[in-house]
Amino acid sequence: MADSPEEIKKAVRTYLIVGGILFLGTILTVLVATYPPFDVGAHGFDKWDCILGLTIATIKATLVASIFMHLNHEKKAIYWLFGSGICAVISLAGLTALALGDPIFDKFFYSGH
Amino acid sequence: MEIPYIVTPRKDTGLFNSKIAIWLFLASEVMLFGGFFSAYVFLRLGADYPWPERTLPVLPGLINTFVLIGSSVTVVFAWASLKMRQWRKFQIFMGITVFCALIFMVLKAIEYNVKFHHQAVRLSDYSIMEGHLGFEMAGDKPVLDHKGNKIEENLIYVETSKLTFNTVRFHKPWVEEFLTEAEHKNSKIVLAADVTAITKEGQKAPEIVAKAGEALSIEFLNRLQKIHLAARSHNGAYRTAALRGEWVKAHAANPGKRDWQIASGVNIDVKALAPKLLDEISTVAFKVDPPTSFDFHPRDIKEADGQSTLRDGTVVDGKLEASPMVFHHVDAIDFQYLVMKAVAKGIDPEVAIQNSWLMKNSPFVQQAWKWHLAEMDKLKKELAVHHREPTHKELYRLGWKDLARMAEEEGGAKISGADQFKEEFFGPNYEARGAETFPEFSLPREQVGFAAKFSPAWNTYYAIYFTITGLHGLHVIGGALVLSYYLFFGKKMYLTNPEWLANRVEIGGLFWHFVDLVWIFVFPILYLM
């Protein structure tokens, strides 16, 4: 981690660049949802908008976690702690995929229009 | 006492202790929010109604995103300033961070407030109307009830001749409300008939517990409740003892048999037990003399002509009066749900819409729908060039922006750019756009299928929206409080142990980044998808 004043000064520049990327990413997400030329897939919201929106969000979140929260150069203990939390969420949230086989699942509203 | 490893790292982990603690906490937070996002996915996939896609105002959400990202940058700058021992800079950056949190919460409060004052109603045929109810008016002034409160135009009136209270479940404030309203309307609520009951074991004939004509009061209901509960506990004890006796006998008669094998033969002799039991008084009826009109909030009553029931079990006998739901301003008409139901039955959507109650009874809806169909024709042609089609929402929903555009095209009120900007935050501006854009509409009570404000009660979308954003908002408040503490009370620590303060700010900052990180997902998922 940046601890000496020189290193911190260098890091400040990185923080500004990351902040800028986050702003741009947000604008891009909004354009994908609201500005027709940026609308991927079918007209209106569909799975491609969902994938693209969440991909941008994930990139933004990764930047926040790795640069602002210094996860790009942390101690092993923290990777284990936080990593196990993320793994738990991914594996448990993955169970929601089973909802596709749920009898109350309504095809009409998931046909991608 | 000196706390170990708050500045210097522990040898085994290589970290100071509070850092381990905050990351443990953040791991649990990931699981908490992850759980709610999973719930969102479940609710959306399993929704049996048209999911409200892209329904929240984007501009406030976008500003809030910028505000949080900006504050994430300033909080890390504040930490860097402390590391470089620049107290003044730290104050400026931390001050901006806390100010950003304030802006975020103000925008969120406006958003919530608009939702809580916006009414939606689903008609019996699944058409949906949205708008603003407002209060009963006499000219420019609101009409006040006998307590001086404004009367919302969504009450249900029953010309009540009889009230039957449940002696255990009656809700005291409602009984008091009946009494004050009856007094105000010069009516009396008195016991309809003598209440008789056997209150002691061995009593030959029932005694008169209360005489007909006795006035309703909380004390009176409490007295009957006491008699009722005493009788119930007495009878319960006898029944239990009798049943226990039967089991003992059954076991003796069937040695070696299991309970389930003999259970069907174990019964209480009801006739033999009857003389020992007391009379329970579970309900008590009062007549309202002369019959008087009482008003009820829709959430409290299951109304029907002749006999209605309140949530506390009180039965209200009387004629259901005309209790229309009066929209002072209608700002959306939505046929998405009706179309979904029609398609499921194999009915053509346009036929279903033309046969809906709104289309048959509201010239405004007819006019709006005609305009909408022409708009949709234009849109279909535009999209066909790119081999695309309008969405379900575009086809079957007229939102407030559509109604405003329609009114403007037909020569109605146009409002200034500043007012339009305000609408992005506060919703439709009824005053500026007037009744020609958002007209008044009276909906007969019998057409109301389900009604609610835009609250968690309206649908599962709003339930999960308020849960996630509410929880996130609490995190913003919590984080802002901690960061404010460093800002306003950190000077002393800065002078004595600046590295410790820097570590603390790093911990608070980590939490703040996490709050930002959650919002990075909340914004697209709830506002843009």
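**Exercise 1.** In this predicted model, find how many bridges join strand E5 of chain B to strand E9 of chain B, and in which sense the two strands run.

*Solution.* Begin by locating the two strands, since E5 of chain B covers residues 156-166 and E9 of chain B covers residues 283-296. Counting the bridges between E5(B) and E9(B) gives 10, and the two strands run antiparallel. To place one of these contacts, take Phe165(B), whose bridge partner in E9(B) is Val284(B).

**Exercise 2.** Which residue of E9(B) is the bridge partner of Ile189(B), and how many bridges join strand E6 of chain B to E9(B)?

*Solution.* First find strand E6 of chain B, which is made of residues 188-191 and is joined to E9(B) by 4 bridges, with the strands running antiparallel. Then follow Ile189(B) across to E9(B), where its bridge partner is Val288(B).

**Exercise 3.** Describe how strand E2 of chain B is paired with strand E1 of chain B and with strand E14 of chain B, and decide whether E2(B) is largely enclosed or not.

*Solution.* Step one concerns E1(B), residues 119-123, which pairs with E2(B) in the antiparallel sense over 4 bridges, and in this pairing Gln119(B) stands opposite Gly131(B). The strands E1(B) and E2(B) form a hairpin with 4 residues between them, and Tyr126(B) in the turn has a positive phi of about 75°.

Step two turns to E14(B), residues 329-334, which is joined to E2(B) by 5 bridges and runs antiparallel to it. Here Gly131(B) appears again, with Val330(B) as its bridge partner in E14(B).

Step three looks at burial: 4 of the 5 residues of E2(B), residues 128-132, are buried, so this strand is largely enclosed by the rest of the structure.

**Exercise 4.** Is Glu506(B) buried or exposed, and what separation is found between the C-alpha atoms of Glu506(B) and Glu440(B)?

*Solution.* Locate Glu506(B) in helix H18 of chain B, residues 498-528. Next apply the cut-off, by which a residue is buried if 20 or more other C-beta atoms lie within 10 Å of its own; Glu506(B) counts as buried because it has 22 C-beta neighbours inside 10 Å. Finally, Glu506(B) and Glu440(B) are 66 residues apart along the chain, and their C-alpha atoms are separated by 55 Å.

**Exercise 5.** Into which domains is chain B divided, and what distance lies between the C-alpha centres of domain 1 and domain 3 of chain B?

*Solution.* Chain B is divided into domain 1 (17-115 + 460-528), domain 2 (122-127 + 327-453) and domain 3 (156-322). The C-alpha centres of domain 1 and domain 3 of chain B lie 53 Å apart.

Key: Residues numbered from 1 in each chain as written. Chains lettered and ligands numbered in written order. Predicted model: local features only at pLDDT ≥ 70, side-chain atom pairs only at ≥ 80, totals over all residues. Domains from an automatic or database assignment. Buried ≥ 20, exposed ≤ 12 C-beta atoms within 10 Å, placed from the backbone. Pairing = 2+ DSSP bridges.
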